[in-house]
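Here are a few exercises to work through with the structure open beside you. Try each task before you read its solution.

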Amino acid sequence: MDCQGRVALITGVHGQDGTYLAELLLAKGYQVHGLAPYLRYGLPMDPRVQFHPCDLSDGSNLHEVLELSRPSEVYHLGAQSHVKLSFEMPVHTVDVTGLGTLRLLEAVRQFRDRSGQDIRFYQASSSEMFGKIAESPQTETTPFHPRSPYACAKVYAHWQTINYRESYNLFACCGILFNHESPRRGEAFVTRKITRAATRIKLGLQHELRLGNIDARRDWGFAGDYVEAMWLMLQQSRPADYVIASGHQHSVREFLDEVFGHLDLDWQRHVVIDPAFYRPAEVDTLLGDASKARRELGWQPRVGLKELARLMVESDLILARQEAAAAAVR
Ligand code: G4F
């Protein structure tokens, strides 16, 4: 598809998904605008992305950003996205992740009505909304039972997005994405915490890894595959909501086996279970059924868990070697 000259705006552009999505859209010929709270925050960004500072908990310059960028596609990825942190900062999380979505939806609607611009909206919904699961696997029709301030905020944002579609005929899609990881994943999320620690242990830079509930089960995929699904949703003739998942489930324990095994290490000698990393309410198990996305979008994941763990370990080994070299010259 020729997308030359199309304009996209991405919120949360400095995050894992934001950077992968920006690269995908730039490669397709889009002009990409990015929105995030600070200029230097998060991952390095492609210099072709035109950056606009904007905090979703404020939103007072959203109208200006929309007028300046005039996007035909808005990808709303920005959020306070750490589940454990949301218990410590519930009001901030709900403000950014829940109300921030409403601020953006309303600004997008007003911009569309003022300018007559055809505009499509993607909402980053989350499998955390299923929480205490009502059935397995989870599909687009599985009821929600959120278990954290973060998940409650995502349910609110999800339904607001659907309401803007139904009330104002906004072309708006919710991607209910299950966990998706990569070498760019933040170090506070469990997969990256594990690959960072295991590679540092391998090089003698640390000896211990403190974790919470390692019996939790997740459906993990590769972030690079999942951003393609976001784009595909906005290319359809009708807006709809889709579960995006690998359809395979593993425990944190199994991820430890995979990563430490890859490095010829025994995780049992290094992992310490620390109650500080337990959550007041846990989501024990998540498993997605992405049949609708396969059928209607032609989407399917390419990278499985083994390959994902290998990618992350190899990337973190490079970082650990740099750290070891820097320590040696000190
Ligand atoms: O990697 P996590 O922090 O991801 P979580 O909570 O599943 O949420 C992520 O995926 C969601 C999609 O379903 C996103 F919406 C959300 O924004 C985020 O990206 O934790 C995964 C599991 C949890 O059960 C947690 O209790 O790992 C368990 N865990 C065990 N020890 C740990 C740790 N999690 C973290 N972050 N740190 C630990 O030390």
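**Exercise 1. Counting and inspecting salt bridges**

How many salt bridges does the count come to?

Solution. Keep in mind that the structure is a predicted model. The rule to apply asks for a side-chain nitrogen of Lys or Arg within 4 Å of a carboxyl oxygen of Asp or Glu. Counted in this way, there are 28 salt bridges. The general idea is that side chains of opposite charge can pair when their charged atoms come close.

**Exercise 2. Comparing settings**

Take the pairs R48–D46 and R185–E181, and decide for each residue whether it is buried, partly exposed or exposed.

Solution. Begin with R48 and D46, whose closest N and O atoms are 2.8 Å apart. The relative accessible area of R48 is 53%, and exposed means over 50%, so R48 is exposed. D46, at 21%, counts as partly exposed.

Now turn to R185 and E181, whose side chains form a salt bridge with an N to O distance of 2.8 Å. Buried means under 20%. R185 has 14% relative accessibility and therefore counts as buried. E181 is buried too, with a value of 1%.

**Exercise 3. A pair within a helix**

Where do R310 and E314 lie, and how many residues apart are they?

Solution. Both residues are in helix α10, which spans residues 305-329. They are four residues apart, about one turn of the helix. Next, check the distance: the closest N and O atoms of this salt bridge are 2.8 Å apart. Finally, look at the accessibility: R310 is partly exposed at 28%, and E314 is partly exposed at 37%. Elsewhere, salt bridges with shared partners link E187, R192, R196, R200, D316 and E323 into one network.

**Exercise 4. Around the ligand**

Which residues are closest to the ligand, and how many residues surround it?

Solution. First, the shell: 24 residues surround the ligand, and S126, S127, Y150, R279 and E282 are the closest. By type, the shell residues divide into 10 nonpolar, seven polar and seven charged.

Second, the contacts. A polar backbone atom of S81 is 2.6 Å from an oxygen atom of the ligand. R185, met above as a partner of E181, has a side-chain N or O atom 2.9 Å from a ligand oxygen. For V190, a backbone N or O atom lies 2.9 Å from an oxygen atom of the ligand. The ligand on its own has 720 Å² of accessible area, and the protein covers 96% of that.

Third, the placement. Helix α6 (190-202) and strand β8 (209-211) each supply at least two shell residues. Domain 1 (7-182 + 220-244) and domain 2 (190-217 + 248-286 + 303-329) both contribute to the shell, so the ligand lies between them.

**Exercise 5. Backbone exceptions**

Which two residues does a cis peptide bond join, and where is N169, with its positive phi, found?

Solution. Recall that most residues other than glycine have a negative phi, and most peptide bonds are trans. The cis bond joins S136 and P137, with omega about 0 degrees. P137 is placed in the loop between β5 (120-126) and α5 (149-168).

N169 has a phi near 60 degrees. N169 is in the loop between α5 and β6 (171-177), and at 67% relative accessibility it counts as exposed. D264 also has a positive phi, about 55 degrees. D264 sits in the loop between α8 (252-262) and β13 (271-273) and is exposed at 71%.

Conventions:
Residues are numbered from 1 along each chain as its sequence is written. This is a predicted model: local features need pLDDT of at least 70, side-chain atom pairs count only at pLDDT 80 or more; totals for chains, interfaces and linings use all residues. Side-chain values use heavy atoms; hydrogens and water are left out. Buried means under 20% relative accessible area, exposed over 50%, partly exposed in between (1.4 Å probe, protein chains only). A residue is near a molecule or strand if one of its heavy atoms lies within 4 Å of it. A polar contact is a pair of N or O atoms within 3.5 Å; within protein, one must be able to donate a hydrogen and the other to accept it, and residues adjacent in sequence count only if both atoms are side-chain atoms. Accessible areas come from the Shrake-Rupley method with a 1.4 Å probe; for residues, only the protein chains shown count as cover. Ala, Val, Leu, Ile, Met, Phe, Trp, Tyr, Cys and Pro count as nonpolar, Asp, Glu, Lys and Arg as charged, and the others, Gly among them, as polar. Domain bounds come from an automatic or database domain assignment.
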